[in-house]
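Colleague: Can you walk me through this one? I have some short questions.

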Amino acid sequence: MPSRLLLSAGAAVAATVLIIGCGAMGSSGGNSMSFFITSVNPGKGGDLGGLAGADRFCQSLATSAGARNKTWHAYLSTAAANGQPAVNARDRIGTGPWTNAKGVVVATGVADLHSANAKLGKDTSLTEKGEVVSGFGDPVNRHDILTGSRPDGTLAVADPGKDTTCGNWTKGDGGSAIVGHHDHKGTNPDPVANASWNSSHGTRGCSVDQLKMSGSAGLMYCFATN
């Protein structure tokens, strides 16, 4: 009888250790993610509630995916307005390195992210859930990712009377935004721009329906700043 009790106690301890270990592994795995594409748009197209609203949305999705112990920012640029200076997307995402939900390093730092060496693409630019975002050639094309940026991650300066940031991410109709092709594919006649993950072309507008016209679901890139 004592030996049986000893065996049962040992099994219980082993089970407890296994449960704790699995919990720790799950927590660590979730928290290792530091880059993703949002799986959905907040619901108002290019109106993201400004940079602050976009950041909150990134934070919310990351938290829901288990990566709650980080500060998340949206990869978005904004134009100077109301006495506030322009903001460059590259300056608000931390220093890297950044890994996707599967643990793949997509860039080691800001310079690497904006170089030909960056590992962003359809198979690596995953959502916070670790899912692939549909792209060019798929039944539903969602490859246009909102950025408002040039290839180097700075603000895409608009021509007079034009827009590149959906009114600094407050317009849910009209306007326009610069988007990138997360899958490096599309119909842009400029082969360099066509393959750009962050700066391919402007949208036909900022509403949900207008964004759809050019292959966008109003998704954005999110990066952990720490």
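Modeller: What follows is a run through the fold, the pocket, one strand and a few loop residues.

Colleague: Where does the model come from, experiment or prediction?

Modeller: This is a predicted model.

Colleague: How many helices and strands are there?

Modeller: The protein has six helices and eight strands. Read from the N terminus, the order is α-β-α-β-β-β-α-β-α-β-α-β-α-β.

Colleague: What share of the residues is buried?

Modeller: Of the 226 residues, 46% count as buried. The exposed surface of the protein comes to about 10900 Å², with 59% of it supplied by carbon and sulfur atoms.

Colleague: And the contacts, what part of them joins residues at least 24 apart?

Modeller: That part is 64%, counted among contacts between residues at least 6 apart in sequence.

Colleague: Switching to pockets. How much space lies in the largest pocket?

Modeller: About 220 Å³. The lining of this pocket consists of 14 residues, and S115, A195, S196, W197 and N198 are the closest to its centre.

Colleague: How does that lining divide into nonpolar, polar and charged?

Modeller: Nine residues of the lining are nonpolar and five are polar, with no charged ones.

Colleague: Next, strand β6. Which residues point which way?

Modeller: Strand β6 covers residues 178-181. I178 and G180 point one way, V179 and H181 point the other way, and all of them are buried.

Colleague: Why would they split like that?

Modeller: Because in a regular strand the side chains alternate between the two faces of the sheet.

Colleague: Which sense does the pairing of β5 and β6 have, parallel or antiparallel?

Modeller: Antiparallel, over three bridges, with β5 being residues 144-146. L146 stands opposite V179 of β6.

Colleague: And what joins β6 to β7?

Modeller: Two bridges, and these strands also run antiparallel, β7 being residues 201-202. I178 has G202 of β7 as its bridge partner.

Colleague: On to the backbone. Which peptide bond is cis?

Modeller: The bond from G96 to P97 is cis, with omega near 0°. P97 sits in the loop between β2 (72-74) and β3 (98-99).

Colleague: What about N82, where does that residue lie?

Modeller: N82 lies in the loop between β2 and β3. Its phi is positive, about 55°, although N82 is not a glycine.

Colleague: Is N82 buried or exposed?

Modeller: N82 counts as exposed, because its relative accessibility is 81% and the cut-off for exposed is over 50%.

Colleague: And H184, what is its phi?

Modeller: About 60°, so positive again for a residue that is not a glycine. H184 lies in the loop between β6 and α5 (191-194). With a relative accessible area of 31%, H184 is partly exposed.

Colleague: Last one, D47. Where is D47 found?

Modeller: D47 is in the loop between β1 (35-37) and α2 (50-64). The relative accessible area of D47 is 22%, which means that D47 is partly exposed, as buried requires under 20%.

Colleague: Which residues is D47 in contact with, leaving aside its neighbours within four places in sequence?

Modeller: W169, T170, K171 and G172.

Colleague: How far apart are D47 and N168?

Modeller: Along the chain they are 121 residues apart, while their C-alpha atoms are separated by 8.4 Å.

Note on methods:
Residues numbered from 1 in each chain as written. Predicted model: local features only at pLDDT ≥ 70, side-chain atom pairs only at ≥ 80, totals over all residues. Heavy atoms only, no water. Helix = DSSP H or I, 4+ residues; strand = E, 2+ residues; numbered from the N terminus. Buried < 20%, exposed > 50% of the residue type's maximum accessible area, 1.4 Å probe, protein only. Contact = heavy atoms within 4.5 Å. Areas by Shrake-Rupley, 256 points an atom, 1.4 Å probe, with all protein chains shown as cover. 1 Å grid on protein atoms, 1.4 Å probe; cavity = no way out; pocket = protein on both sides within 12 Å on 5 of 7 lines; lining within 4 Å. Points joined across faces, edges and corners; volume = space filled by probe spheres on them. Nonpolar A, V, L, I, M, F, W, Y, C, P; charged D, E, K, R; others polar. Pairing = 2+ DSSP bridges.
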